[in-house]
Structures are given as C-alpha cells and as structure tokens.
Amino acid sequence: MARWGMVIDLDRCTGCQACVVACQVENNVPPAGSRDAARGRAISWLRLVPLDGGREGHGTRPALRLVPLPCQHCDLPPCTRVCPVFATQKDEEGFVAQVYPRCIGCRYCTTACPYTVREFNWRRPEWPAPMERSLSPDVSVRPRGVVEKCTFCHHRLQLARDQARVEGRQLREQDYVPACVQTCPADAMAFGDLDDPRTTVARLARSPRAFRLLEDLGTEPKVIYLSKGEWGA
Amino acid sequence: MLSRRRFLGFTAGAAAGAALGGVAGAGLRTLFASAESPIVPPRGPERVVLSVCDLCPGGCGVRVRVIGDRAVRLEGNPLHPVSGGRLCPRGQAALQALYHPDRAEGPLRRRGPRGDLSSFERATWDEALGEIGARLAEIRAGGRPEAVVLVTGGGGAGLGPRVARRFLSAYGSPNDVALHRGDDAAAIALLLAQGVRAAPALDLQSADYVLSLGSALLEAWSAPVHATRAYGEFRRGRTGRRGKLVHVEPRLSITAASADEWIAVRPGTEGVFALGVAAAIVGEGLHAKPFVAERVAGLEEDRDAAGRTRPGLRSVLARRYRLEQVEAETGVPGDVILRVAREFASAGASLAIGPRKGPLLPGRLFDHLAAGVLNALVGAVDAPGGVLVADDPPLPPWPALPGGVSAAGRARPKLDGAGPDQPLLASDPERLAEAIRAGTPYRAEALLLVDADPAFASAAPETFAAAVQKVPLVVSFTAIPDDTALLADWILPASHFLERADLHTTPAGVPYPLVSLARPALLRPVRDARPTAEVFLELARRIAPDLAAALPWKDLDALLRWEMEGLHAARRGAVMGTAFDEAFVRMMEGAGWWAPGYRTPAELWTRAHESGGWWDPFYDHGDWRRVLRTASGKVELRGDLLDLAPAAPERDGALALLLFEPLPIAGGTGAELPFLQAILDPGHEAHWETWAEIHPETAARLGVSDRDWIRVESPRSSIVARARLTARVVPDAVAVPVGLGKRGGGRWASGIGANPLRLLAPARDPLCGLPDFGATRVRVARARPPDGSA
Amino acid sequence: MASGTVANGGVAGASRRLWIAGLVAGAAIGAVAGLTWSGRPATVTQPVAFDHRLHVRDLEIACATCHPFDARAPFSGLPATESCASCHAEPLGTSAEEAKVVAAARSGSTLAWAPLHRQPPHVFFSHRLHVEAARIACDACHPTFADARSPPARVRAIRMADCLRCHLRAGAPTRCTACHR
C-alpha cells in the first residue's frame with residue numbers, strides 16, 4: 001500500500017501562489033468577497049505563510065520566508081482523535097480524509113490541528129451565475145457547517161487508478177499528482193509514494209535539507225520541506 | 001452567534017427531526033451532500049482543447065478540459081515552451097474571467113451620463129458596427145482619417161491588437177499609440193547598447209550569479225511562468241551548480257525574499273549601486289578583458305559618428321562612482337559593494353537584470369543602462385547565461401496599405417509627438433492625453449481602445465479620463481467594463497481567449513521565435529462577445545473597399561491560414577514537441593539541417609494545432625551581426641549618459657513613493673477575479689485592500705501604528721491606504737501596490753483599494769522621455785477609513 | 001427561524017427551544033428531501049412504455065447495446081433515439097408504444113427518457129471499472145429491470161450499504177477515500 005506524501009523545495013519556491021489558486025479551482029472552493037476575507041472566513045486549503053525574522057543587515061539572508069502550507073497529512077494526526085463522529089480519519093494510504101456528510105461542524109479538529117489548515121464553511125457556497133459552469137464534476141461541493149481541508153486531490157487518484165485498471169497496468173509515478181504540484185512553475189513540489197525508494201519524493205525526502213514543520217509535536221507529517229541552499233552547494 | 005453547545009443541540013435536533021421526516025433510510029449522509037450541492041453535472045462529450053492564455057503578455061500554452069459546452073479546467077500545455085505544462089495564479093484563475101458574472105452581455109451603447117454602467121443599454125452587433133462604421137467612414141470621407149486614434153494596452157501578443165493596428169494604418173491614421181509596457185525601458189537600453197529593437201531575453205537557467213537591480217524577476221515578469229521555470233533550473237536543476245541570486249532594492253519584494261541576499265539601497269539608487277560595482281570591477285581589472293576588447297566600445301574615451309569626443313566609461317566610473325561616493329549615495333557599505341563586484345566578476349556566468357517592476361512599471365533607463373554595463377563587462381552578451389535577443393517568427397507580410405486618403409492621413413504628425421519629439425519612444429500616451437484634451441495640433445474625433453484602460457492604468461489616469469470625454473466617439477473593446485469603458489460611448493465585448501481561435505507571437509523575454517495557436521474551447525461564447533480581430537475585419541469591409549483589400553480575410557480562420565502558410569514557406573523551425581524533439585531539432589539545426597516533421601502547409605496546420613504551435617528552439621550564440629547592430633558593431637557603453645546619475649532627492653521631509661505590481665493584479669488587470677484579490681501579497685498576507693508599507697521608525701515619527709488608515713498625498717492627488725509597519729522597506733519611503741482602486745471592473749474590483757498611479761508627478765525619465773515612476777515624493781498622515789470599510 | 005428563537009428567548013430556555021427548532025427544521029428538511037432527495041419526484045413517467053423483458057430476455061439484447069457507458073460519466077447512458085431507430089426505423093409490430101418510437105425516429109425528435117438513478121456528487125463511481133475491469137454483470141446492481149414488463153418508474157437509491165456488501169465480499173477497497181470525494 002502506498003504512503004502518499006509531498007516534498008516542497010523552498011529553494012525553488014518563489015512564492016508565486018499558483019498552487020494556491022490551482023487548489024481552489026481544482027477543488028471547487030467558492031470565491032469569497034472582501035467581507036468574508038476580512039472576517040477570516042475565506043476558504044483556502046493551501047496558503048502561503050510568511051515567516052518573518054525581522055530586520056537584517058547587508059550581506060545576510062532576507063528574513064522573510066514564504067512557506068506553502070497544505071494539510072500535512074500527519075501519520076499521527078491530532079485532528080482525527082478529537083472528532084466525536086469519526087468524520088475525519090487517516091486511512092491505510094495515509095490520507096487524512098474528511099467525510100463531509102458525517103461532519104457536524106463542531107470544529108474540534110480545526111482547534112486541534114497545529115498547522116491550522118482546516119477550514120470551516122461559515123456560509124452556503126455560492127457561485128454567481130454563470131460561474132457555477134466552471135465547477136469540476138470530480139469534486140463535491142461542501143455544504144455550510146462542515147469542515148473541509150486539503151485532500152491531496154485524492155479524487156485524482158481515483159481517476160488514475162480507474163484508468164490504470166482499465167488499461168490493465170500498475171499505477172505509474174506520474175499518473176497521480178495533486179493540482180498544486182502539477183501547476184508549480186518552479187517545479188518546487190513533488191508528490192508520490194514515500195515508501196517506494198525509487199520515487200522522486202522518497203529520494204528528495206532523504207536530502208540533508210529535508211525537515212518537517214513542528215516536528216517535535218510528533219505528528220509525523222507527510223509533507224516534507226527542503227530548506228534553502230547555500231551558494232555552491 | 002450560536003455557541004458551540006447550542007449549535008450541537010440544534011444539530012442533534014435536526015438529526016432527530018430528519019429521521020422523523022422520513023429520510024432515515026437515505027440517511028443524513030446523502031441529505032447533507034445533495035440538498036445543498038449547486039453542481040449540475042456538465043453533460044456531453046469530454047474533450048481537451050489547446051489554447052493560449054492572454055491574462056498577461058506571457059502567452060502560456062494551455063490545455064482546456066471541456067465537457068459538453070462547459071470549460072471546467074485549465075492546465076499548462078506540457079509541450080508549450082513558455083508554460084511547459086505549468087501555470088501561474090493568473091492562468092489558474094482564467095475560468096473566473098470566462099464565467100465572470102459582470103462580463104458585458106453584448107454591445108452596449110451609452111444613453112446617459114458618462115462614468116456609470118447604468119447609462120448603457122444593449123444593442124446588437126449589427127447596430128454597433130453599423131453606427132461606428134458609418135461614423136468612421138464619414139470621418140475618412142471628410143479627409144481627416146488622422147483624427148481617429150487607437151490606444152492599445154499591454155495585453156497579450158494575439159491577433160486582436162495586431163489587426164487593430166493594421167486597421168488603423170490602412171484607415172489612414174498615424175495615431176497608433178501603445179500604452180507603456182514594462183519592457184520599454186529595458187528595450188531602449190538594448191537599442192542604445194546593441195542597436196537592436198527588442199526586449200532582452202535572459203538566459204536565467206544557465207546563469208550562475210544573478211544581480212537583480214530591483215527587478216520583479218520572480219513576480220510580474222514579461223512571461224512569468226517561463227521566468228519562474230528558468231529560476232527553478234537555476235536553483236536546483238543542475239547537479240552541483242546552484243545559482244546565487246542577489247537582489248538590490250529599497251524594498252524586500254517577493255523576488256528579494258527568494259534571493260540569497262537582499263541589499264537595501266536608498267530609493268532610486270539601484271543604478272548607482274550597479275555602477276559602483278562596475279567601478280570596482282574595472283578598478284580591480286576583473287572584467288572579461290578579451291570580450292571587452294573585441295566586442296565592447298566606450299570603455300575608453302572615443303569619438304562618436306559626428307566627431308565629438310565622448311568620455312570613456314572608465315573615466316566616468318573613476319570620477320563619479322568611486323566606492324565612498326556610491327556608499328554615501330546608496331547607503332550600502334563599501335565592503336558589500338566590493339564583495340558583490342568580486343563575486344559578479346568571478347562567478348562563471350553572471351547576469352545583471354534591470355529594474356523592470358511589472359507590465360506598467362518599466363524602471364529608469366539609467367538603471368537599465370547600468371545593468372547593461374555590468375553584463376558587457378563580464379561578457380554576458382549573447383552568451384549562455386547572459387542577455388539574448390529573440391528573432392521574430394518568420395510570418396508573412398500582410399497586404400500593402402492603401403494610398404490616397406489613407407497615405408495622406410498616415411503622413412500627418414502623430415498627436416503624441418513620439419518620433420520627432422521623443423526619438424526613443426514609439427508612443428507617448430501621456431502626451432497623447434494632453435494633446436486630445438487641448439485639441440492640438442488637431443482634434444481627435446474617434447478613440448478606439450483595445451485591451452487598454454488608460455483612465456486607470458497609465459502614468460496619468462486623471463488626464464486620460466478628462467481627454468476621453470473630449471472625444472465625440474469613444475469605443476472600448478473590453479470584456480468586463482473597465483474604468484475607461486465606463487467613459488466610452490460604446491462598449492464592444494471582447495471574447496475571452498477560450499472563445500476564439502488566435503495566434504500569438506513570441507512574448508517578450510523568451511529567446512526563441514515562436515507562434516502559439518489557440519482553438520476555441522467553447523463553440524458558443526458565454527456572452528454575446530466577439531474576437532476583437534474579427535470586429536476590425538468587419539469594420540474594414542463596412543468602411544471602404546481599399547481598407548477591406550488591406551485586410552482581406554473573411555474571419556480569424558482565414559487569417560490564421562494565411563499566417564501558417566507563410567510560416568511554412570519560411571522553411572525553418574518545428575512544431576512544438578517534447579524535450580527529446582526539442583533536442584533533436586536543435587542538434588539538426590546546429591548542424592545546418594532542417595528537420596521540421598511536416599511537409600505541406602496542411603500538415604503544419606494540423607500538427608501545430610495538435611501540439612500548441614510552432615517554434616525554432618535553435619539559438620545561435622555569437623551571431624554578432626544579428627545582435628550587435630550599432631554603428632561600431634560593438635556593445636556601446638554610454639559614459640555620456642551614465643555621467644548623469646539621477647539627482648538625490650531633496651531633504652524635504654517627504655517620503656519616496658515606491659510602486660510595485662503584485663503578480664495577481666499586475667498590468668492593471670486581475671483585481672476583477674476574486675481568487676486573485678485573495679492572494680495579493682503573501683509576504684504581508686494582504687488581500688482585498690490597498691496597503692502601504694512603512695518602516696517602523698518612519699511610522700513612529702509620523703505617529704502611525706500598524707494597520708492604521710493613512711493618507712498618502714503627493715502634489716497631484718491623494719489616496720487612503722492601510723499602513724503596514726515593516727522593516728522590509730527602507731526608512732524615508734512608502735511602498736504601495738499598483739492594480740487596485742478601480743471604478744469599473746465588476747463587483748469584485750469596483751471600489752476596492754486605491755490607485756496610486758493617480759499620485760504620480762508628471763516627471764519624465766530625462767534620458768528617454770518615459771514617465772518616471774520613481775520620482776514622486778509623498779507625505780503621509782493618519783486618516784479616516786475610506787468609505788465602506790470597517 | 002431558529003436564530004429568531006435564540007435572539008428572543010432567555011438563556012435557559014434557548015437551548016431547549018433551539019433543540020425543538022432543530023427538530024422542526026430537520027423534519028421539514030427531511031420531508032422535502034425525502035421527496036426531492038435526488039432532485040426529482042420519487043416516481044417518473046417514461047415517454048414510452050418500454051418492455052425490458054421482451055428486449056432483454058426474449059430477444060437477448062445486451063444492456064450495453066442501448067445503454068452505452070461513458071468512461072468517466074457518472075451514468076451509463078440512456079438510450080439515444082438513434083439507437084432505438086436502428087431497429088425501429090420502420091414498425092416491427094403494431095403496438096401503439098412502438099408507433100411513438102417510430103414517429104420520434106422519423107421526425108428526428110428526442111425521446112426524453114427519465115433517469116432513475118442519480119449519483120451524488122460526493123461519490124466517485126466508474127461504470128467502466130465495474131463493468132469492464134471487474135466484469136460485474138449489470139443485474140448485480142440493477143436486478144429488477146430485465147424482468148420488468150412495464151416501464152421503470154420508481155426512483156431507487158443505491159445505498160452505501162449496497163456498495164459495501166459487495167466490496168467487503170470481493171475484497172475491494174472500503175476506505176472512504178477510495179470512493180468519496
């Protein structure tokens with residue numbers, strides 16, 4: 001069984017946010033207006049988080065780091081343990097999945113998640129006509145009152161598996177990548193089976209630059225970051 | 001608001017109630033998911049269509065997933081050399097533009113006062129073209145074709161603006177005015193140094209050391225996806241060879257955040273810094289001496305073509321840009337300047353990039369010339385990792401322009417004075433606005449705006465707004481009515497790029513000639529919109545036979561076939577293909593063979609449409625006769641111009657206004673789309689409003705706290721913005737993003753934020769006459785919140 | 001309405017009243033959803049009184065002859081009028097129902113078959129995978145059609161339990177993410 005994971009190379013990432021919009025388009029995230037945004041109610045499954053180290057002198061690294069932050073799909077997720085209705089679970093392939101019809105909107109999971117990547121639907125999703133025509137048929141729309149989050153675009157895995165089985169072959173490495181990985185212009189994101197040593201993600205995850213966010217919490221995230229490099233390294 | 005417990009109580013009640021209500025069998029699972037889902041699944045056959053994104057001039061090849069009559073997903077076309085299968089956030093948001101609820105329903109005619117969308121009423125295309133065509137025919141018959149003015153914007157390189165411009169020339173007007181583009185200053189610098197009229201193309205992926213002089217290399221660059229892909233290669237694409245990026249700017253931009261080093265200079269001194277580096281390189285003798293001796297003129301004193309003595313750059317550097325002078329002017333310690341000079345001269349392939357900040361902000365020519373000096377000194381001219389020059393694609397010439405009234409009109413002086421008065425400029429839109437307003441040297445009787453919104457996105461928005469109202473017939477070709485369209489007499493809805501066939505030529509900054517092809521993804525447009533190119537073909541037929549003869553195509557497809565047949569006849573290049581195909585074509589062409597993979601024009605047509613287009617990936621480095629067309633045949637260093645560093649700002653207590661263009665709203669477009677409004681700046685997590693970055697020390701002096709509303713006031717105008725206190729900008733400056741503050745633009749843009757272009761002083765770049773976007777000084781004070789904000 | 005109760009009621013009474021409001025709202029939603037769960041009434045009328053038994057059992061016509069399945073579409077297709085016309089361009093019998101089919105084929109109009117199954121948007125189901133790759137017979141999930149003499153009229157939901165029964169038996173995946181999206 002695969003263990004799906006992602007590697008984000010901060011040395012390639014330019015902070016362009018193509019991944020952010022690709023994610024919203026792919027997953028039928030409704031557009032928010034300025035009011036919802038001001039109240040912190042705009043939904044984004046993937047966002048760039050600025051880490052600001054303050055002022056620095058000439059000749060040193062800029063203190064600003066922009067870190068793309070999707071759901072980390074932890075191997076030991078804190079969110080699933082607090083759900084009273086089993087609406088969020090980690091499955092054998094490593095996805096931390098959200099079952100929208102079960103979710104009662106209590107938001108314990110959004111509080112428990114140390115990465116703050118879970119989003120609550122404060123309102124009924126709306127697309128002013130004719131915008132609903134662009135919605136993808138591959139992903140369901142979440143109703144008001146439930147929590148949603150990054151799925152690693154697992155609907156793409158469903159389609160890729162379907163295709164592979166019909167063609168009577170194994171799933172290949174490039175058959176399934178999430179929308180963010182596919183669009184990244186700097187090729188800063190990689191995706192695949194972390195347990196298969198031949199994949200690009202597994203190779204990159206072994207890099208000396210590899211680290212994970214809030215590692216000391218013991219959540220065992222499956223999103224692995226590569227730090228910025230040194231000149232000549 | 002409901003407390004959590006009450007909410008749970010409600011939910012429990014609802015669950016019990018639902019059970020009573022008789023859906024226990026179906027279960028809450030299905031109830032919740034289906035009762036609220038707005039998805040009506042698309043029906044019909046599924047297909048993939050290749051197109052070209054035109055949300056910026058980059059022209060990325062895209063693949064569109066279409067189900068029935070709906071476009072549901074846009075991805076990069078993996079075979080396309082610009083996108084390489086990737087897209088930027090603008091491209092990803094393109095379907096929001098296609099299905100935008102505020103696109104014009106059809107042609108709109110103004111019946112009430114200007115400036116208000118409710119003054120417009122629907123008309124048919126036949127009425128619109130009949131009325132506009134009749135008026136244009138009348139002006140031409142009256143012998144005043146020059147009174148018709150065309151303003152084109154900085155959009156894509158598709159057929160719309162090309163056909164519009166040809167139409168205007170054939171009609172008989174010289175007043176073909178392009179709004180300034182971000183590449184203008186860099187292109188003028190290349191013209192002065194190498195005698196070539198083109199935007200420079202940077203071979204970033206082969207460079208080892210990049211010195212960015214305030215450039216927006218990793219933001220709204222000419223072709224952002226192309227540049228960002230190259231950057232990824234520059235960083236991590238070559239084993240054991242990681243490029244270094246040093247960024248020089250008074251503000252820690254998104255590009256600076258990716259750099260290995262941010263060097264904060266005083267406002268307006270990027271070029272001075274570069275010349276300080278150049279002085280150190282020359283002073284220490286670190287420059288590429290064989291290259292400079294063979295290919296560079298002007299380092300030593302010489303005479304120009306007229307026999308006048310010109311100071312050599314060496315003496316200018318030694319006199320004007322000594323280390324301690326540059327240190328004092330830029331605020332950068334001398335040892336940092338020296339270190340950068342030594343690194344730049346020794347790093348392998350080094351590349352300096354001038355301060356192009358976005359599609360609207362070209363940077364000062366002085367700074368671009370200074371970057372050019374550094375490139376010349378290390379031989380980064382037409383070399384791998386250096387500055388390249390793209391060849392135009394070999395498209396066929398179009399039929400000759402008519403004589404008679406048309407030729408006489410074209411011979412009249414241009415209203416904007418570009419050419420005779422401003423020899424380095426092809427267009428001078430701000431002067432055009434003044435001329436229209438004053439009615440001199442002659443009156444403008446019709447104004448056609450194609451992808452252009454000068455009443456919002458130009459160096460003089462207010463002047464343009466006033467000028468537009470002086471013209472009796474103003475026609476705006478736009479999709480979502482913008483600020484200028486609201487002032488027009490007619491709004492002719494332009495089709496979205498997914499609704500039309502198109503042909504795009506090489507975008508600025510890409511070193512290969514290429515022709516990208518688009519097929520319509522939707523057979524029927526979402527609104528009653530038409531391709532701008534086809535509207536001009538139709539107008540030509542309606543106005544006069546000689547005009548129709550100059551534009552003889554019945555529709556876009558006929559024009560596309562003309563172009564592709566000419567391309568076939570050029571006998572070079574190949575259809576777009578995989579990396580393997582590309583390497584094969586390069587190898588063959590390098591050896592002097594042509595291996596196109598197509599024989600007949602029909603075969604080229606089919607295969608180019610299947611892959612995304614045609615290109616010629618072979619770059620012949622060191623073809624000096626092509627890339628050095630100066631009088632000397634060498635790269636010319638202009639010590640005479642570089643002696644004139646911009647004056648240091650007065651110590652007047654005012655702040656320097658630093659403008660920048662966030663990629664999502666660059667070029668004055670993008671704010672219309674909610675996904676882009678939501679991601680304006682990740683560094684400040686800014687969205688849906690105009691913010692102003694101020695150094696905490698400056699803010700303390702002014703009594704401003706973080707997130708206060710402040711008034712930013714120049715001698716010309718003032719705007720209100722949200723203060724963001726940050727050490728990512730130098731003291732004595734205030735940095736404000738360009739792209740918000742529209743009147744038009746639909747529900748998500750109108751009334752959001754403020755337009756800092758209104759603040760600009762009417763200053764000109766003294767070396768070339770472009771607007772000087774860096775010369776404005778502003779005062780800042782706390783203010784009341786703008787209307788409608790919390 | 002529920003929020004009105006909260007706003008006007010006292011703190012102690014609010015919880016109970018809210019619970020009741022929820023009960024009422026839920027019952028209302030439930031009643032409506034019971035009718036319109038699949039977005040249409042629970043019974044439908046077909047344009048022609050089609051006899052499945054005659055076609056499937058007696059004439060041994062395969063399901064896919066008239067119900068083509070699309071690789072990725074949630075439905076197997078409903079019969080196109082052209083596929084009816086491939087046999088019924090001219091009358092084969094004398095029934096009034098057949099005459100409707102012949103008339104439609106001649107006039108080029110469409111027989112608007114009413115779908116009986118609807119896939120909720122949060123479920124991924126591939127007919128292609130189940131029919132082609134897993135070789136599951138149509139009547140495993142659609143058991144009542146082949147023997148029906150009258151046109152199918154009852155909207156019938158296939159429930160998750162139906163899926164799971166087979167998936168558990170066949171060792172097919174039962175992870176949420178295998179089918180839900």
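User: What makes strands 1, 2 and 3 of chain B an open sheet with the order 1-2-3?

Analyst: In this predicted model, the 3 strands have antiparallel pairing. Two strands pair if DSSP finds at least two bridges between them; strands (E, at least two residues) and helices (H or I, at least four) are DSSP runs, numbered from the N terminus. Strand 2 (residues 61-67) and strand 3 of chain B have 6 bridges, so they pair by the rule of at least two. Within that pair, Val66(B) stands opposite Ala71(B). Strand 1 (46-52) and strand 3 (70-76) of chain B are the edges, because each has a single partner strand and one side without a neighbour in the sheet.

User: Why is helix 18 of chain B called mostly covered?

Analyst: A residue is buried if 20 or more other C-beta atoms, placed from the backbone, lie within 10 Å of its own, exposed if 12 or fewer, and partly exposed in between. In helix 18 (residues 461-468) of chain B, 6 of 8 residues are buried, among them Phe464(B) and Val468(B). Their cover includes helix 17 (429-438) and strand 18 (473-478) of chain B.

User: How do you know which residues of chain B touch chain A?

Analyst: Two residues are in contact if their C-beta atoms, placed from the backbone, lie within 7 Å. That holds for 72 residues of chain B against 64 of chain A. Helix 8 (residues 224-236) of chain B gives the largest share of chain B's side, 7 residues.

Residues are numbered from 1 along each chain as its sequence is written, and chains are lettered from A and ligands numbered from 1 in the order in which they are written. Local features need pLDDT of at least 70 and side-chain atom pairs count only at pLDDT 80 or more, while totals for chains, interfaces and linings use all residues.
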